[in-house]
Amino acid sequence: MMFFSKFERLVATRYLRAKRREGFISVITGFAFTGIALGVATLIIVMSVMNGFRDELLGRILGLNGHIGLMAPAGYPFNNYQAASKDIAEFEHVKYVIPMIENQLLVSAGKAAEGAMVRGISKEDLLLREVMRDALKNVNMSMFNENRVVIGKRLANKLGVGVGDEITLISPNGKVTAFGTVPRMKSYQILGTFEVGMFEYDSSFIFMPLAAAQQYFGLKNAVTHIDVTLDDDTMLRPVRKAIEESVGAGAYVYDWQQTNAAFFNAIAVERNVMFLILTLIILVAAFNIITGLIMLVKDKGRDIAVLRTMGATRGMIMRIFFMDGAFIGVVGTSIGLALGLLFCENIEAIRQFLESISGRELFSAEIYFLSQLPAKVDVFEVSLVVGISLLLSFLATIYPAYRAAKYDPVEALRYE
């Protein structure tokens, strides 16, 4: 405000208080004000939710899987996985290496049957991951032995089983006999359930001890996968290259970006498109500012003429109307910022409230992969949204303010 005189601020404030005959102008100004606030709030909320989606999914994916994976060729498991794991663990930036067996099969309980992914892993390696440690807090892992397994909570619900019940694992890759291939079948007791918050894992994964998985799949002292977790995400490519050169053609090496590339690229594209679309809301509100100020200038023609005859310069008139438009932009942006941040802070509670009053599921875990609606506010993005809103608002005031400054007082008084 130091660039504006007290007189200019006084007149600008007076023009923002519409009289009864100026009601229509006040309505247009109100629409501009509301449009900017809603545009800023919506843009902050959408961008934060998209950021939350990406971070939560990435956290869940890397919480159960390593940054880099080695998969044995079909029919040729890793027989020397202990030595290979030890060698890889000595690579720079490798945090830990986990050998495992992973295979798809059918799990049944009573009359229910579901497809599942079985992962054979040692108890110590399973508890290395923080996500799994948190998910298994209520499970006595000291009893994680060859006859017991841990399954996803949603999978347990679909099968209608609980802790202590038995499930039967059926693998199509069974024993070869004179009468053909007989599927492998074996029953295991449920030691406990886990819920990591990602639908794909909670509804399809079963963890069993590595020794039990080796016995069940007939792999003796071998594994099918080796998971490598890094201590620095940015070193993914050089570490992967070093591992590829080390193992040669003996294994297929992949990383989490490659495995989930299509999914995260889709999120990035959707995020950018939503940013452009929602920015148009602010742009439309900025045009409302132009419309409202132009009508205000026309309505205040006589007042402008009087001010000019009293000695007000064109610069003063221009600053008066610029202040009016800037006030709408600044206050609208501030309210939108507050609404957006408040909404993001309580987004899960708001979702549950809307679901309770509508009686409908607004955020299906089966579709969105996560059981809760995430939101992560990025300071840079919020600053960018606020900056764009203020810039568009200030630009919108330039033409009406210039038009007011060019108003001819003689013509204005003649036709009044």
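Visitor: Let's start with two helices: when H11 passes H16, is the crossing left-handed or right-handed?

Guide: Keep in mind that this is a predicted model. Find H16 at residues 379-405, then look at how H11 passes it. The crossing of H11 with H16 is right-handed.

Visitor: And how do H11 and H16 line up?

Guide: Their axes are 9 Å apart, and the packing angle is about 25 degrees. Angles under 35 degrees count as roughly parallel. So H11 and H16 come out as roughly parallel.

Visitor: What sort of residues make up the contact of H11 with H16, and how many are nonpolar?

Guide: Sort them by class and you get 3 charged residues and 4 polar ones in the contact of H11 with H16. The nonpolar count for this contact is 17.

Visitor: H11 also packs with H13, so at what angle?

Guide: H11 covers residues 261-299, and H13 covers residues 314-345. Their axes sit 11 Å apart. H11 passes H13 in a right-handed crossing. The packing angle of H11 and H13 is about 145 degrees.

Visitor: Which residues of H13 does H11 meet there?

Guide: On the H11 side, look for Ile289, Leu293, Leu296 and Val297. By class, the contact of H11 with H13 has 6 nonpolar residues, 1 polar and 1 charged. The residues they meet in H13 are Phe321, Asp324, Gly325 and Ile328.

Visitor: Now for Ile44: is this residue buried or exposed?

Guide: You'll find Ile44 in helix H2, residues 23-64. Buried means under 20% relative accessible area. Since its relative accessibility is 2%, Ile44 counts as buried.

Visitor: How far apart in space are Ile44 and Gly340, C-alpha to C-alpha?

Guide: Along the sequence, these two are 296 residues apart. In space, though, Ile44 touches Gly340, and its other contacts include Gly336, Leu337, Val382 and Val385. From C-alpha to C-alpha, Ile44 and Gly340 are apart by 5.6 Å.

Visitor: How much of the chain's contacts come from residues 24 or more positions apart?

Guide: Ile44 and Gly340 give you one example, with their positions 296 residues apart. For the chain, take the contacts with a separation of 6 or more. Residues 24 or more positions apart account for a share of 79%.

Visitor: Which residues touch the most other members of the largest nonpolar core?

Guide: This core holds 109 residues. The element that gives the most to the core is H2, with 16 residues. The residues that touch the most other members are Ile167, Leu169 and Ile206.

Visitor: What does Ser171 touch?

Guide: Ser171 is in strand E5, residues 166-177. With a relative accessible area of 0%, Ser171 is buried. Leaving out residues up to four places away in sequence, Ser171 touches Leu105, Pro183, Arg184, Tyr216 and Phe217.

Visitor: And what about Ser85, which residues does that one touch?

Guide: Look in helix H3, residues 81-89, for Ser85. Ser85 is buried, because its relative accessible area is 10% and the cut-off for buried is under 20%. Not counting residues up to four places away in sequence, Ser85 touches Val97, Pro99 and Ile226.

Visitor: Last one: what percentage of the chain's residues are buried?

Guide: The secondary structure comes to 17 helices and 9 strands. The chain has 416 residues, and the buried ones make up 45%.

Key
Residues are numbered from 1 along each chain as its sequence is written. This is a predicted model: local features need pLDDT of at least 70, side-chain atom pairs count only at pLDDT 80 or more; totals for chains, interfaces and linings use all residues. Side-chain values use heavy atoms; hydrogens and water are left out. Axes are lines fitted to C-alpha atoms, for helices over the stretch in contact, and angles run from 0 to 180 degrees between N-to-C directions. Helices (H or I, at least four residues) and strands (E, at least two) are DSSP runs, numbered from the N terminus. A crossing is left-handed if the near helix is turned anticlockwise from the far one by less than a right angle, and right-handed if clockwise. Contact means heavy atoms within 4.5 Å. Ala, Val, Leu, Ile, Met, Phe, Trp, Tyr, Cys and Pro count as nonpolar, Asp, Glu, Lys and Arg as charged, and the others, Gly among them, as polar. Buried means under 20% relative accessible area, exposed over 50%, partly exposed in between (1.4 Å probe, protein chains only). A nonpolar core is a set of buried Ala, Val, Leu, Ile, Met, Phe, Trp, Tyr and Cys residues joined through side-chain atoms within 4.5 Å. Angles under 35 degrees count as roughly parallel, over 145 as roughly antiparallel, 65 to 115 as roughly perpendicular and the rest as oblique.
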